[in-house]
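These are my notebook entries from one session with a single structure. I wrote down each item as I looked it up.

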Amino acid sequence: MKRTRDRLAVTLALMVFLSAVPVPSVVAQDAPFVYVFPPPERTVLPIPEPRYPHSTVMDVRNATPPPRFEVKVPAGAPNVLIVLIDDMGFGQSGAFGGPIRMPTVDRLATNGLRYNNFHTTALCSPTRMALLTGRNHHTGNTGSIMETATAFPGNTGQRPESVAPLAAMLRYNGYTTAAFGKNHETAAWEVSPSGPTDRWPTRSGFDKFYGFMGGETNQWAPAIYDGMTKVEVPKDPNYHFMTDMTNQAIRWMRVVKSLTPDKPFFIYFAPGATHAPHQVPKEWIAKYKGKFDQGWDKLREETLARQIKLGVVPAGHETGAQAGSDQGLGEADRG
């Protein structure tokens, strides 16, 4: 009997309490809600989705859904194209006084900047890891090329999760990203369907990857991956990977720009040239027939003189064969 009285007392108390709680009117429930978004906080990635207040509208016909959450790039964000060429010396391209004619690079250099203080690690994988993360290559566990990785710290060949790739940072900030050509940032034992695939390009911030894994490949018959899928190249006697990857990059860029014209892209374009194997189309070789008959020493003098005239090498340097270092110093990549 006492237990029954206690239950009755509790029930009455709850009824009194609930009757004092104000209930929103139907009119108030149906009033439209204005969603206000603060500027995204870009110091922490990925940018978190805003937390929306719970809707109190009971009639779905009167409910206003929040806008779709989408990360947008900051105003004025540019398209970014990085072209990385293996083993090309500081004094090779015409833009830096060299004997190699590269008209597109010349136009870019004329309308932009020429950098003459670029530091490298003198090997493929470490230089690429530093470039693609903005971190010291040992921090990315790439003390050497992937094929000579060890279990020692800083050289395991496995970029840790604490080191964010540049492509991932840009994608989290609203970019669309793609890599074409050579990928030498994935350990050889991870290049298989068994994985792990955490360090493949499409798991390292790139939406698109078309290229080869490792340090080199046959330019006439390359081992190509589209994403993480091995693909066959066309059975064309005139096929060359340089042309293929270029066409793939142009096609991808046109597609994404037609679908999302206001969304900037980041393209990492890394051809196998001029790394071994040196498989250059004959018509390219023919352009330079006899151009180097003066010999290496004379070519170096001519190159250094042009570099001084351009200003990429400070005035006062001697142009004789005994002066300074050779034209290959400062090369952006070796290995």
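**Entry 1: a helix and a surface patch**

I began with Y172, which lies in helix α5, a helix that spans residues 166-172. I noted that the model is a predicted one. I then asked whether Y172 is buried, partly exposed or exposed. Its relative accessibility is 34%, and it therefore counts as partly exposed, as that class lies between 20% and 50%. Y172 also belongs to a nonpolar surface patch, together with L45 and M169. I recorded an area of about 220 Å² for this patch.

**Entry 2: the whole chain**

I next looked up the overall make-up of the protein chain. It has eight helices and six strands. Read from the N terminus, the order of elements is α-α-β-α-α-α-β-β-β-β-α-β-α-α. The chain has 335 residues, and 34% of them are buried. Its exposed area is about 20900 Å², of which carbon and sulfur atoms supply 60%. I also looked up contacts with a separation of 6 or more, and 66% of these are between residues 24 or more positions apart.

**Entry 3: the sheet**

In what order do the strands of the sheet stand? I found an open sheet of six strands with the order β1-β6-β2-β3-β4-β5, and its pairing is mixed. Strands β1 (80-83) and β5 (229-231) are at the edges; each has a single partner strand, so one side of each lacks a neighbour in the sheet. From one strand to the next, the twist averages 20°.

I reminded myself that strands of a sheet pair through backbone hydrogen bonds, in a parallel or an antiparallel way. I then went through the pairs.

- β1 and β6 are parallel and share four bridges; here V80 has F266 of β6 as its bridge partner.
- β2 and β6 are parallel and share six bridges; T177 stands opposite F266, and G181 stands opposite A270.
- β2 and β3 (residues 208-213) are parallel and are joined by six bridges; F180 stands opposite Y210 of β3.
- β4 (residues 224-226) and β5 are antiparallel and are joined by three bridges; I224 stands opposite V231 of β5.

**Entry 4: two covered strands and a helix**

How many residues of β6 are buried? I found that six of its six residues are buried, and the strand is mostly covered. F265, I267 and F269 point one way from β6, while F266, Y268 and A270 point the other way. The residues on both sides are buried.

For β2, eight of the eight residues are buried, so this strand is largely enclosed by the rest of the structure.

I then turned to helix α4, which covers residues 124-133 and packs on the sheet. It touches β1, β2 (176-183) and β6 (265-270), and its direction makes about 170° with that of β6. Helix α4 is mostly covered as well, since eight of its 10 residues are buried. Among the buried ones are C124, P126, R128, M129 and L132. The buried residues of α4 pack against α5, β2 and β6. After the helix comes G134, whose phi is positive, near 75°.

**Entry 5: backbone details in the loops**

Which peptide bonds did I record as cis? One runs from L45 to P46, with omega near -5°. P46 lies in the loop between α2 (26-30) and β1. L45 had already appeared in the nonpolar patch of my opening entry. The other cis bond joins A276 and P277, and its omega is about -5°. P277 is in the loop between β6 and α7 (282-286).

I also looked up positive phi values in residues other than glycine. D87 has a phi near 55° and lies in the loop between β1 and α3 (103-111). N141 has a phi near 60° and lies in the loop between α4 and α5.

Is each of these two residues buried or partly exposed? D87 has a relative accessible area of 25%, and so is partly exposed. N141 has a relative accessible area of 15%, which is under the 20% cut-off, and so is buried.

Definitions and conventions:
Residues are numbered from 1 along each chain as its sequence is written. This is a predicted model: local features need pLDDT of at least 70, side-chain atom pairs count only at pLDDT 80 or more; totals for chains, interfaces and linings use all residues. Side-chain values use heavy atoms; hydrogens and water are left out. Patches are made of residues with over 30% relative accessible area and no salt bridge: like charges are joined within 9 Å, nonpolar side chains (Val, Leu, Ile, Met, Phe, Trp, Tyr) within 5 Å. Accessible areas come from the Shrake-Rupley method with a 1.4 Å probe; for residues, only the protein chains shown count as cover. A salt bridge is a side-chain nitrogen of Lys or Arg within 4 Å of a carboxyl oxygen of Asp or Glu. Buried means under 20% relative accessible area, exposed over 50%, partly exposed in between (1.4 Å probe, protein chains only). Two strands pair if DSSP finds at least two bridges between them. Axes are lines fitted to C-alpha atoms, for helices over the stretch in contact, and angles run from 0 to 180 degrees between N-to-C directions. Contact means heavy atoms within 4.5 Å.
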